[in-house]
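Work through the exercises below with the sequence and the structure at hand. Each task is followed by a solution in steps.

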Amino acid sequence: MKSCAKLLLAATAVSFATICESKPAFKPQSSLALIHKNDNKNAILQTFTSPHKTTLQSIQQIQRGGADSGKSSLSTAMFNLVKGIVGVGVLSLPAGVSAFGDAQSAALPAIALISIMGSFSGYSFSLIGRICAYTGASSYSDAWEKSVGEESAWIPALVCSSMTFSAVLAYSMVLAETFQGIANSMGINTTRSQTLTALTAVVLYPLCSMKNLASLAPFSILGIIGMALTVVVMAIRFFDGSYALPAGKFLESVGHLPEFGSKGASAALSPNAIILVCMLSTAFMAHFNAPKFFNELENNTIARFNTLVGVSFGTAIAFFAAAASLGFATFGKASQGFILSNYSSKDGLIGISRIAVAFSLIFTYPLVFVGCRDGFLSLLKVPKEKQTDSYLNKLTIGLLTIVTLAAFNLKDLSFLMAFGGATLGNGLIYVFPALMFNSVVKNMGDSAPAGLKNETYFATFTMVLGLTVGVIGATMALKS
């Protein structure tokens, strides 16, 4: 088990060393308002706006890319895509493993599931980029309109907006847990609700009310730094035995003692393993930004885009596998929905991790929240002239109130990840891309290459897989 964890950490380190490059970073819009926004198409893609005009010759031209089709270097785009994938969801994955196993060997099939679902997620991310290449679409909603049709474009728009609402809710839940832990470590006795209320009123509302969030964008890099630091600290605590039974030095001050049993690798065959699969649908979610990554990539050939996707999702897989296996191997069945809640408030290294995670979340929270707010403005079709400062402030207060009240009552981050992944995540990752791709190929008619026609069968398979896993996962999440 320890050698496996060492291998995963080494892979993560090598991947980050490969993709980091000091160039101006492309910042994909965290705002889901981009699904309603149409950018100007470059000259090459305009040729293929109508699916009926797509021929074998035009597909070959698309695969060659455009001379001035993007602004982001490949290495910079890789870093930003990893940053977009790796978020707070990684800290709930150990609980996903504990949903089906309680022996350390259960981490092995969990790593396999993370690798498989990460690969499927990467494929669908690539599929969305190719759909944009074939249709000239600039956003997720635009891709749906140009492939499936305008009449039903509200469906992916609603799902994307709901997904950002879930993300904001997850942020609030994590902030409540994190700041309560920080306060307790400082000797301040406060409840979770009191912590979140004060934090929302004093910090989050002023930040979310800012008219220009551009100054906060550089802080988003702190998110991946905080998560990387947390995984390193989790590794240190696993290998030094600080929480190992029966005499770990921090065991006396933890709320949930590590718990291990006999359900090992074979337990992955139980239906409860679907809970982890659905959590991974949320954890790997970055697909609404796929059109932006494709259109902003320098020399955006399909081959270069696939390289971007392969390296980025591969790095995220290694990151998720390390966090899930280390957290579960330390606490087993007792792994909480937010794994940092398992660690002692007297643990100085974990205290540093909590501060790093909290600091990064505070400054990225407004970026995610504005995406949620803009998504609902678009869904409600509020005219631009009515979006005054007073109106936006009232909407901000209303949404923050709903999110905060929901976070009061919903304390299990793993449930939110599992249920959200089973419903919204599977739709965005597996169902919608397959429907769009199949429509694009159908609209090509006889000019569609045989390879694309054959690929529709695999795309349909991923759609059926997503629907099946979604139904089972939602049921299991509710039962758990």
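## Exercise 1: The chain as a whole

In this chain, 85% of the contacts between residues at least 6 apart in sequence join residues at least 24 apart. The model is a predicted one.

Task: State how many helices and strands the chain has, and what percentage of its residues count as buried.

Solution. Step 1: Go through the secondary structure, which comes to 17 helices and 0 strands. Step 2: Turn to accessibility; the chain has 480 residues, and 59% of them count as buried.

## Exercise 2: The nonpolar core

Task: Find which residues have the most contacts inside the largest nonpolar core, then list what tyrosine 365 touches.

Solution. Step 1: The largest nonpolar core holds 142 residues. Step 2: Those with the most contacts inside this core are Leu93, Phe100, Phe125, Phe284, Phe320 and Tyr365. Step 3: Take Tyr365 from that list. Setting aside residues up to four places away in sequence, tyrosine 365 touches Val168, Tyr171, Ser172, Leu175, Leu204, Cys208, Leu400 and Val403.

## Exercise 3: Leucine 428

Task: Decide whether leucine 428 is buried or exposed, and identify its contacts beyond four places in sequence.

Solution. Step 1: Locate leucine 428 in helix 16. Step 2: Its relative accessibility is 1%, and buried means under 20%; leucine 428 therefore counts as buried. Step 3: With neighbours within four places left aside, leucine 428 is in contact with Ile128, Tyr140, Val159, Cys160, Met163, Met285, His287 and Pro433. Step 4: Look at histidine 287 in particular. Its C-alpha atom is separated from that of leucine 428 by 7.0 Å, and the two residues are 141 residues apart along the chain.

## Exercise 4: Salt bridges

Task: Say how many salt bridges a search of the whole structure finds. Then place the partners of arginine 237, aspartate 142 and glutamate 296 in the structure.

Solution. Step 1: The search finds 6 salt bridges.

Step 2: Aspartate 142 and lysine 146 form one of them, with an N to O distance of 2.8 Å. Both residues belong to helix 7 (residues 140-147), where they lie 4 residues apart, about one turn of the helix. Aspartate 142 and lysine 146 are both buried.

Step 3: Arginine 237 pairs with aspartate 347, and the closest N and O atoms are 2.9 Å apart. Because arginine 237 is in helix 10 (residues 221-240) and aspartate 347 is in the loop between helix 13 (302-331) and helix 14 (348-379), the pair ties together parts that are 110 residues apart in sequence. Arginine 237 and aspartate 347 are both buried.

Step 4: Glutamate 296 and lysine 292 form a salt bridge whose closest N and O atoms are 3.5 Å apart. The two residues are about one helical turn from each other, because they sit 4 residues apart in helix 12 (residues 290-296). Glutamate 296 and lysine 292 are both buried.

Step 5: Trace shared partners. Salt bridges with partners in common join Arg237, Asp240 and Asp347 into one network.

## Exercise 5: The second largest cavity

Task: Name the residues that line the second largest cavity, and state how they divide into nonpolar, polar and charged.

Solution. Step 1: A search of the whole structure finds 2 cavities of 30 Å³ or more, and the second largest has a volume of about 30 Å³. Step 2: Its lining consists of Phe120, Tyr123, Ser124, Leu127, Ile429, Tyr430, Pro433, Ala434 and Thr462. Step 3: Helix 6 (107-135) and helix 16 (413-444) each supply at least two residues of this lining. Step 4: By type, the lining residues are 7 nonpolar, 2 polar and no charged.

## Exercise 6: Three places in loops

Task: Describe the peptide bond between leucine 245 and proline 246, the phi of asparagine 299, and the surroundings of serine 73.

Solution. Step 1: The bond joining leucine 245 and proline 246 is a cis peptide bond, with omega of about 5°. Proline 246 lies in the loop between helix 10 and helix 11 (273-283).

Step 2: Asparagine 299 is not a glycine, although its phi is positive, about 50°. This residue lies in the loop between helix 12 and helix 13. With a relative accessible area of 36%, asparagine 299 is partly exposed.

Step 3: Serine 73 is in the loop between helix 3 (56-64) and helix 4 (74-85). It is buried, its relative accessible area being 9%. The C-alpha atoms of serine 73 and leucine 297 are separated by 6.4 Å, while the residues are 224 residues apart along the chain.

Definitions and conventions: Residues are numbered from 1 along each chain as its sequence is written. This is a predicted model: local features need pLDDT of at least 70, side-chain atom pairs count only at pLDDT 80 or more; totals for chains, interfaces and linings use all residues. Side-chain values use heavy atoms; hydrogens and water are left out. On a 1 Å grid over the protein atoms alone, a cavity is a set of points where a 1.4 Å probe fits but cannot get out, and a pocket is an open set with protein on both sides within 12 Å along at least five of seven lines; lining residues have an atom within 4 Å of a point. Grid points are joined across faces, edges and corners, and a volume is the space filled by probe spheres set on the points. Ala, Val, Leu, Ile, Met, Phe, Trp, Tyr, Cys and Pro count as nonpolar, Asp, Glu, Lys and Arg as charged, and the others, Gly among them, as polar. A salt bridge is a side-chain nitrogen of Lys or Arg within 4 Å of a carboxyl oxygen of Asp or Glu. Buried means under 20% relative accessible area, exposed over 50%, partly exposed in between (1.4 Å probe, protein chains only). A nonpolar core is a set of buried Ala, Val, Leu, Ile, Met, Phe, Trp, Tyr and Cys residues joined through side-chain atoms within 4.5 Å. Contact means heavy atoms within 4.5 Å.
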